Amino acid sequence: MKKTITILAASVALAVFASAAFAAVTFNAADGTGFVGKGDVQLVYNWNNKALQDNAASVQFQAESKVVTEVSWVCTNTKHEHEQPRARTTTTTVEGVVDSIARDKKGQITGFNLTGYAGGTTEDVVNDGPGVNSCPGGKDWSLTTPAGDPEEVSSSSALQVSIDGADWFDLE
């Protein structure tokens, strides 16, 4: 019984240590500063320490945020039937983050210092649904309640990593 408890305690301690070892991401979305530990990058790319040391100069970071908003309006026809169309807009904003490699006293890479935004924000807007305040075709339909202000349905943000600038992965 004592041997089983000792093995179980050692397994729990190892699991806690392993999960804590890869949780060294701090990021301030307001100014683009923070730190990403080497373990977080190694986890994304399944790299051992040598692979990280060899590829660190290719590592890039960016911040991505998505906001989804929705508006609705009411159309009525001459038969007093109502229809409430909706339109949804997804806005994705991406901004590069400048980094510098952090090293220990022996020259080994320990992570990446995030030193601020690189500038050059890109924004992509996708609209889904009918045109705002549009009603079904035909003379029998009219707009009876125009769309109000857009309401936020969801939002998310993530710090992402890439080594080629094309494939980006969220850091958790």
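In this predicted model, the side chain of Gln62 makes a polar contact with the side chain of Gln160, at 2.6 Å. Gln62 is placed in strand E3, which covers residues 60-72, and with a relative accessible area of 10% it is buried. Setting aside residues up to four places away in sequence, Gln62 touches Val94, Glu95, Gly96, Val97, Ala158, Leu159, Gln160 and Trp168. The points below take up the nonpolar cores, the aromatic pairs, the disulfide and the strand pairing.

**Nonpolar cores and helix H2**

- The largest nonpolar core has 17 residues, and of these Val41 and Phe61 touch the most other members.
- At least two residues of this core come from each of H2, helix H3 (49-55), E3, E7 and strand E9 (151-162), and E7 gives the most, with three residues.
- Val41, when its neighbours within four places in sequence are left aside, is in contact with Val36, Trp47, Leu52, Val59, Phe61, Phe112 and Val161.
- Another core, of five residues, lies apart from the largest one, and among its members are Val71, Cys75, Ala87 and Ala147.
- In helix H2, the buried residues are Gly39, Asp40, Val41, Gln42 and Tyr45, and the helix is followed by Asn46, whose phi is positive, near 55 degrees.

**Aromatic pairs**

- The structure holds four aromatic pairs, one of which joins Phe27 and Tyr117 in an edge-to-face arrangement, with 6.5 Å from centre to centre and 85 degrees between the planes.
- Because Phe27 lies in strand E1 (residues 25-28) and Tyr117 in strand E7 (residues 109-128), this pair ties together parts that are 90 residues apart in sequence.
- Both rings of this pair belong to partly exposed residues, the relative accessible area being 27% for Phe27 and 25% for Tyr117.
- The rings of Tyr45 and Phe169 have their centres 5.8 Å apart and their planes at 90 degrees, so this pair is edge-to-face.
- The pair of Tyr45 and Phe169 links distant parts of the chain, since Tyr45 is in helix H2 (residues 38-45) and Phe169 in strand E10 (residues 169-170), 124 residues apart.
- Tyr45 is buried, at a relative accessible area of 17%, whereas Phe169 is partly exposed, at 38%.
- Together with Trp47, the residues Tyr45 and Phe169 form one aromatic cluster.

**The disulfide**

- The structure holds one disulfide, formed by Cys75 and Cys135, whose sulfur atoms are 2.1 Å apart.
- The torsion about the S-S bond of Cys75 and Cys135 is about -85 degrees, so the disulfide is left-handed.
- The disulfide links distant parts of the chain, with Cys75 in strand E4 (residues 74-77) and Cys135 in the loop between E7 and strand E8 (141-145), 60 residues apart.
- The two cysteines differ in exposure, for Cys75 counts as buried at 0% relative accessibility, while Cys135 counts as partly exposed at 27%.

**The sheet around E4**

- Three strands form an open sheet in the order E5-E4-E8, and their pairing is antiparallel.
- Strand E5 (82-83) and E8 stand at the edges, each with a single partner strand, so one side of each is left without a neighbour in the sheet.
- E4 and E5 pair in the antiparallel sense over two bridges, and Cys75 has Glu83 in E5 as its bridge partner.
- Cys75 therefore belongs to several of these pictures, being a partner in the disulfide, a member of the five-residue core and a residue that counts as buried.

**Pairings of strand E7**

- Strand E2 (residues 33-37) pairs with E7 in the antiparallel sense over five bridges, and here Gly37 stands opposite Gly111 in E7.
- Strand E6 (residues 86-103) also pairs with E7 in the antiparallel sense, over 15 bridges, and the bridge partner of Thr89 in E7 is Asn127.
- E6 and E7 form a hairpin with five residues between them, and in the turn Gly107 has a positive phi of about 90 degrees.

How values were computed
Residues numbered from 1 in each chain as written. Predicted model: local features only at pLDDT ≥ 70, side-chain atom pairs only at ≥ 80, totals over all residues. Heavy atoms only, no water. Phe/Tyr/Trp six-rings, centres within 6.5 Å; stacked < 30°, edge-to-face > 60°. Helix = DSSP H or I, 4+ residues; strand = E, 2+ residues; numbered from the N terminus. Buried < 20%, exposed > 50% of the residue type's maximum accessible area, 1.4 Å probe, protein only. Disulfide = S-S within 2.5 Å. Polar contact = N/O pair within 3.5 Å; in protein donor to acceptor, adjacent residues only side chain to side chain. Contact = heavy atoms within 4.5 Å. Core = buried A, V, L, I, M, F, W, Y, C linked by side-chain atoms within 4.5 Å. Pairing = 2+ DSSP bridges.
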